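Let's take a walk through this model together, starting with its charged side chains and moving on to its nonpolar interior. Keep the viewer open as you read.

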Amino acid sequence: VIWPTSSCIQQIVNKEEFDWRKSFRFFLFGTFFVAPTLFGWVKLTSHMWPQMNLKSGMTKAAIEQISYGPMAGVSFFSIMSFLEGGDFKAACKEVKDKFPSTYKVGVCFWAFVQIINFTFIKERNRVSFVALGSFVWTIFLAYMKQLDTQKLEAQKAMQSTISSS
């Protein structure tokens, strides 16, 4: 429910013509990739670091950003590209163009969410808490997915120019 709903919200916020197929692709990815991998990740980290304290929470959040985050981000852009009918070259280009910016935002967002999750949220409620974070994050992913690559490259060039000034 989270992934297609997030896609719908992104389309409404961007005032796009509604695309049910796009939302269905989000449903497929969320159901068959995100749900099982995220559930497994939360269970694994709860087993490896059962403590509920700030140090353990920060450790789990850091490890997630180094391991799960990049795999999930690259998988999102490539699998969604394939679901849209793109080939391997198109999927690689989309990952190259969109993943680095998305990952930077993800490190900040998910580190914050997961430190709270692993430090204060009881294990039985962690998947639900992460689902709430995932809802917000997936709206952002839907936004990043729909970005025109040429506009994104122009923004990067402008940021580079500003940084070098």
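In this predicted model, salt bridges join Glu84, Glu94, Lys98 and Lys145 into a network. Lysine 145 takes part in two of the pairs tabulated here, one with glutamate 84 and one with glutamate 94. Three salt bridges, with the N to O distance for each, are:

| Acidic residue | Basic residue | N to O distance |
|---|---|---|
| Glutamate 94 | Lysine 145 | 2.7 Å |
| Glutamate 84 | Lysine 145 | 3.0 Å |
| Aspartate 19 | Arginine 21 | 3.9 Å |

The pair of glutamate 94, in helix α5, and lysine 145, in helix α6, links parts of the chain 51 residues apart. Glutamate 84 sits in the loop between α4 and α5, 61 residues from lysine 145.

Are the partners buried or exposed? Glutamate 94 and lysine 145 are both buried. Lysine 145 counts as buried because its relative accessibility is 8%, under the 20% cut-off. Glutamate 84, at 42%, is partly exposed. In the other pair, aspartate 19 is partly exposed at 21%, while arginine 21 is exposed at 63%.

Now for the nonpolar side. The largest nonpolar core holds 24 residues, and Trp3, Phe26, Phe29, Val34, Phe76 and Phe77 have the most contacts inside it. Helices α2, α4, α5 and α6 each supply at least two of its residues, with the largest share, 7 residues, coming from α2. Valine 34 touches Trp3, Phe29, Phe39 and Tyr68, leaving aside residues up to four places away in sequence.

Tyr68 also belongs to the contact of α3 with α4, two helices that pack at about 35 degrees.

Definitions and conventions. Residues are numbered from 1 along each chain as its sequence is written. This is a predicted model: local features need pLDDT of at least 70, side-chain atom pairs count only at pLDDT 80 or more; totals for chains, interfaces and linings use all residues. Side-chain values use heavy atoms; hydrogens and water are left out. Axes are lines fitted to C-alpha atoms, for helices over the stretch in contact, and angles run from 0 to 180 degrees between N-to-C directions. Helices (H or I, at least four residues) and strands (E, at least two) are DSSP runs, numbered from the N terminus. Contact means heavy atoms within 4.5 Å. A nonpolar core is a set of buried Ala, Val, Leu, Ile, Met, Phe, Trp, Tyr and Cys residues joined through side-chain atoms within 4.5 Å. Buried means under 20% relative accessible area, exposed over 50%, partly exposed in between (1.4 Å probe, protein chains only). A salt bridge is a side-chain nitrogen of Lys or Arg within 4 Å of a carboxyl oxygen of Asp or Glu.
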